[in-house]
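Here are some notes on the structure you asked me to look over, set out as numbered points. They go from strand pairing to helix packing and end with individual residues.

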Amino acid sequence: MQRIFQSTLSQRKFWLRRPRCLSQLAHNHTQNTLEEEDDFLVPKIPHFDYIPPPYTGPSASEILEKRKEYLSPSILHLYKNPLNLVDGKMQYLYDENGRRYLDAFGGIATVCCGHCHPDVVEAIVNQTRRLQHSTVLYVHHAIADFAEALAVKLPGDLKVVFFTNSGTEANELALMMARLYTGFHDIVSLRNGYHGNAAGTMGVTAQSNFKFNVVQTGVHHALNPDQYRGVFGSDGVKYARDVQDIIDYGTCGRVAGFIAEAIQGVGGIMELAPGYLPAVYNCIRKAGGLCIADEVQSGFARIGSHFWGFEAHDVVPDIVTMAKGIGNGIPIGAVVTTPEIAKVLTGRTYFNTFGGNPACTAGALAVLKVIEKEKLQENAFVVGSHLKECLTSLKEKHEIIGDVRGRGLMLGVELVTDHQLKTPAKAEILHIMEQMRELGVLIGKGGFHGNVFRITPPLCFTKEDADFLVGAMDYTMSKM
């Protein structure tokens, strides 16, 4: 029988023998008595000095009943038995019974500086006590202060900020601005990309799972520079030729713009092939279009090596969109562009009631300060590199792992049942997710086939957390 993978000494100290019944842990946040079972060792969640207050609210089953009666039937939930999370602290979450979980999903790449970070909470509470909402028709320092701090983090002439409530809203605005500024309608986006679920963003999204049968015009989906499944491997320039073909054969020769994520999040943590973005930006600009960088998931220090995903490709966009990590869970998004492009909205009245809300911008500014003060970008790079190395080593042991990819703390692990055919392991990933939850690890999944683990934890994730995650994944795969 296989022995559990041992990548580092630090990892081994978090592995103990398997508990008599893993479900016992669900009722106790303290350590339980562990005993040997077979030849396997069970990973142990790292120590964390926090105990949440007792929860006295409704149970998961009671909440589910209300959801079924009052909420949209389109709402999904993870796990066979949905998890009722009631507390959070930094990189950990707690259920209704007080059990602690390692959050390796970060609310879908949203929680960047940690759940309920005291600096962020304090900024939101202090602002809310004075003024929760006014409108941008009045002046308030919070929106101006955050816009200034945000502009400093962007290169070139990207200095004008429009605040929104979400990434979908931000991308909708960016697409409209590109069309208005250029006077053209056609947008090029990438297959497998995801940019939102409103009319325009659903059009540029290129996964049938997220597209309803509604009119979507003026959008062309280019060949995805997929380094794992793509026909040209990691040769980004070859993929880029498809964009020029689209311009030549699918449009009037002029386009409004191009939108892409540097690392496709919903698409399965798919990092674009090297050389792709510079080549495409050149094609688009020659055709009169603007280049839009969707940084909703890859922005705000998540990739570690750079603050923004596009920076890893040595390009400077004309418009940058962002959300999620910008607010650490606060509903806020933004579009940043140049003064020249920004003027296009002065031809009519553009207004967003909640964009730039004082409480949201005060909280988002606190998030930015925490990232810098606690050096979370550096941590994302160091811990993310360590985690990727361990996952890559795990790939050598388990045949089910087809690919390990991503940067920093935006990593993907693709599961396949056949390495040559790259057959998606759809059922297997669900089983592994359930078992990892039992061990105390919450992880996301994505990709068109739903067979890719999405690892996007809070940026305060530690090496011990990374080792625990790898140990839990190894343990579960070894037991299959």
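1. Two strands are taken to pair here if DSSP finds at least two bridges between them. By that rule strand β7 (residues 187-190) pairs with strand β8 (residues 219-222) in the parallel sense, over 4 bridges, and within this pairing S189 has H221 of β8 as its bridge partner. Please keep in mind throughout that this is a predicted model.

2. The connection between these two strands also deserves a look, since β7, helix α7 (residues 199-204) and β8 together make a β-α-β unit that is right-handed.

3. A second region is an open sheet of 4 strands, in which the order is β3-β4-β5-β18 and the pairing is mixed. Its edge strands are β3 (85-89) and β18 (441-442), each of which pairs on one side only. Inside the sheet, strand β4 (residues 92-95) and strand β5 (residues 100-103) run antiparallel and are joined by 3 bridges, with L93 standing opposite Y101 of β5. As a general reminder, the strands of a sheet pair through backbone hydrogen bonds, in either a parallel or an antiparallel sense.

4. Strand β15 (residues 401-407) and strand β16 (residues 410-418) pair in the antiparallel sense over 6 bridges, and I401 has L415 of β16 as its bridge partner. The two strands form a hairpin with 2 residues between them, and G408 in that turn has a positive phi of about 55°. Strand β15 is mostly covered, with 6 of its 7 residues buried.

5. Is E414, which lies in strand β16, buried or exposed? E414 counts as buried because its relative accessibility is 3%, which is under the 20% cut-off. Leaving aside residues up to four places away in sequence, E414 touches Y228, R229, I400, I401, G402, D403, R405, N451 and V452, so that a reader checking this residue may wish to display these partners, with R229 and R405 among them.

6. Turning to the helices, the axes of α5 (residues 141-152) and α11 (residues 358-373) come within 8 Å and cross at roughly 35°, and the crossing of α5 past α11 is left-handed. On the α5 side the contact involves A142, I143, D145, F146, A149 and L150, and these meet P358, T361, A362, A364, L365 and L368 of α11. The residues of this contact divide into 10 nonpolar, 1 polar and 1 charged.

7. L131 is placed in the loop between α4 (118-130) and α5, and the C-alpha atoms of L131 and N357 are separated by 9.6 Å although these residues are 226 apart along the chain. Not counting residues up to four places away in sequence, L131 touches H140 and P358, and P358 also belongs to the α11 side of the helix contact described above. L131 counts as partly exposed because its relative accessibility is 32%, which falls between the 20% and 50% limits.

8. Two residues call for a check of their backbone. Most residues other than glycine have a negative phi. Y79, however, is not a glycine and has a positive phi of about 75°; Y79 sits in the loop between α2 (60-70) and β3 and is buried, with a relative accessible area of 12%. A301, likewise not a glycine, has a positive phi of about 75°; A301 is found in the loop between β12 (290-294) and β13 (319-322) and is buried, with a relative accessible area of 0%.

Definitions and conventions:
Residues numbered from 1 in each chain as written. Predicted model: local features only at pLDDT ≥ 70, side-chain atom pairs only at ≥ 80, totals over all residues. Heavy atoms only, no water. Axes fitted to C-alpha atoms, helices over the stretch in contact; angles between N-to-C directions. Left-handed = near helix turned anticlockwise from the far one by under 90°. Contact = heavy atoms within 4.5 Å. Nonpolar A, V, L, I, M, F, W, Y, C, P; charged D, E, K, R; others polar. Buried < 20%, exposed > 50% of the residue type's maximum accessible area, 1.4 Å probe, protein only. Right-handed = clockwise from strand over helix to strand, strands pointing away.
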